[in-house]
Amino acid sequence: MRLGVLTSGGDAPGMNAAIRAVVRQADALGLETFGIRHGFRGLIQGDWSPLKSRDCANILQRGGTILHTARAPEFADPSVRAQAAEGLRAAGLSALVVIGGDGSFRGAEALAREQGIRCAGIPGTIDNDLPGTDRTLGFDTALNTAVEAVDRIRDTASSHERVFLVEVMGRSSGMLAVHTALACGAEFVLYPEAEDDTFEELVHQLKLSAERGKGSSIVIVAEGDQLGSAVAIGDRLQKDFGLDLRVAVLGHIQRGGSPTALDRIWGSRWGSEAVKRLAAGEASFYLGLQEGALVALPLARIQSPAAPPPRELAALLRILAR
Ligand code: F6P
């Protein structure tokens, strides 16, 4: 059996750990692995070559992905998927490990259902926004990167007694924002799934902070917040309330860096498990983590919505901000 492995969508620390585990577990089972470059785009173009154990030396601790990644909207077209499957069959590749987020899993699910290419998904996105799994690769690393950055901002915010709005990634998920806020002792967090995410509430919380004698306040803003970007929110606060505030957008530094031990361990476990299940004949699944245990879910489950950040975390943040 020959299998392909690709990384797709936004890169996430821990992807290399998963690639290494796929290649080495396959080798241990006597299977060949082909590395497909640039995600689904490489799958369509037949951009692949054999990947051996030695090719994966010293990548466990590296951020990014040695296979490169891309977003390939053209893969949403069934005729493009049929063409890709033809190429895979011609090269003798009967199974695929897809490391990526929800868009990547949707592509894999359709490929398995329509074309009979056996597909395994490994959750890889710093957003931690996939249904059925408590963790995705890269989340823990990105969270620690954001926390370190906000700690530094806290030093200057408290020296100057300023309000800071710090934007973290998360186009449609507040997971990173809420966890960063709690870990940094932020005064408030704005995130897409929040029900009381209003400008009035933000102003109220900032006033409350000042009344409590706080000279500085930190507000974590998820990139995809309904009130707009941190820059837009900051402009409005400055214009309407004359607040002396600063805005910091953490951006792509959250996607880079050496993966934490947790991201390396889960990359390794999921990579190995994906290969073992494909070798045993499983056809359309993705891996996850539920209450500390490794789980496998049908790829079709990706159609259901991801769980929002636990409400109790945002509630706890408010209690601890006093
Ligand atoms: O999907 C992960 C993510 O980091 C999102 O939080 C963010 O909106 C997006 O990727 C940005 O991706 P890019 O700049 O690579 O298009």
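Select Ser217 and show what surrounds it: setting aside neighbours within four places in sequence, Ser217 is in contact (heavy atoms within 4.5 Å) with Arg162, Val163, Phe164, Glu187, Leu206 and Ser209. Ser217 counts as buried, at 3% relative accessibility. For this tour, buried means under 20% relative accessible area, exposed means over 50%, and partly exposed lies in between, with a 1.4 Å probe and protein chains only. Ser217 sits in strand E8 (residues 217-222); helices (H or I, at least four residues) and strands (E, at least two) are DSSP runs, numbered from the N terminus.

Before you move on, a word on the model. It is a predicted one, in which local features need pLDDT of at least 70 and side-chain atom pairs count only at pLDDT 80 or more, while totals for chains, interfaces and linings use all residues. Residues are numbered from 1 along each chain as its sequence is written, and side-chain values use heavy atoms, with hydrogens and water left out.

**Stop two: strand E6**

Now select residues 163-168, which form strand E6. Six of the six residues of E6 are buried. Which side chains point which way? Val163, Leu165 and Glu167 point one way from E6, and Phe164, Val166 and Val168 point the other way. This fits a general pattern: in a regular strand the side chains alternate between the two faces of the sheet.

Add E8 to the selection: E6 and E8 run parallel and are joined by six bridges. Two strands pair if DSSP finds at least two bridges between them. Phe164 has Ile218 as its bridge partner in E8. Then add strand E9 (residues 245-249), which runs parallel to E6 and is joined to E6 by five bridges. There, Val163 has Leu245 as its bridge partner.

**Stop three: helix H6**

Move to residues 175-184, helix H6, where seven of the 10 residues are buried. The buried ones are Met175, Leu176, Ala177, Val178, Thr180, Ala181 and Cys184. What covers them? The cover includes helix H5 (139-160), E6, strand E7 (188-190), E8 and helix H10 (311-320). Just after H6, click on Gly185, whose phi is positive, near 65°.

**Stop four: the seven-stranded sheet**

Next, colour the open sheet of seven strands, whose order is E3-E2-E1-E4-E5-E10-E11 with mixed pairing. Its edge strands are E3 (48-50) and E11 (293-298), each pairing on one side only. Neighbouring strands of this sheet are turned by 25° against each other on average, direction ignored; axes here are lines fitted to C-alpha atoms, for helices over the stretch in contact, and angles run from 0 to 180 degrees between N-to-C directions.

Zoom in on E1 (residues 2-7), where five of the six residues are buried. E1 pairs with strand E2 (residues 32-36) in the parallel sense over four bridges, and E1 is joined to strand E4 (residues 93-100), also parallel, by six bridges. Val5 is a handy residue to label: its bridge partner is Gly35 in E2 and Val97 in E4. From E4, step to strand E5 (residues 118-123), which runs parallel to E4 with six bridges between them. Here Leu96 stands opposite Cys119 in E5.

**Stop five: helices H1 and H9**

Show H1 and H9 over the sheet. H1 lies across E1, E2, E4 and E5, running at about 155° to E4. H9 lies across E1, E4, E5, E10 and E11, running at about 145° to E10.

At what angle do H1 and H9 pack? Helix H1 (residues 15-28) and helix H9 (residues 261-279) pack at about 35°, with their axes 7 Å apart. Show side chains where they meet: the residues in H1 include Ala17, Ala21 and Gln25, and those in H9 include Arg264, Gly267 and Val275.

**Last stop: Ser284**

Finish by selecting Ser284, in strand E10 (residues 284-290). Is Ser284 buried or partly exposed? Ser284 is partly exposed, with a relative accessible area of 28%. Not counting residues up to four places away in sequence, Ser284 touches Ala112, Cys119, Leu297, Pro298 and Leu299. You can also draw a distance from Ser284 to Gly116: the two are 168 residues apart in sequence and 9.2 Å apart in space, C-alpha to C-alpha.
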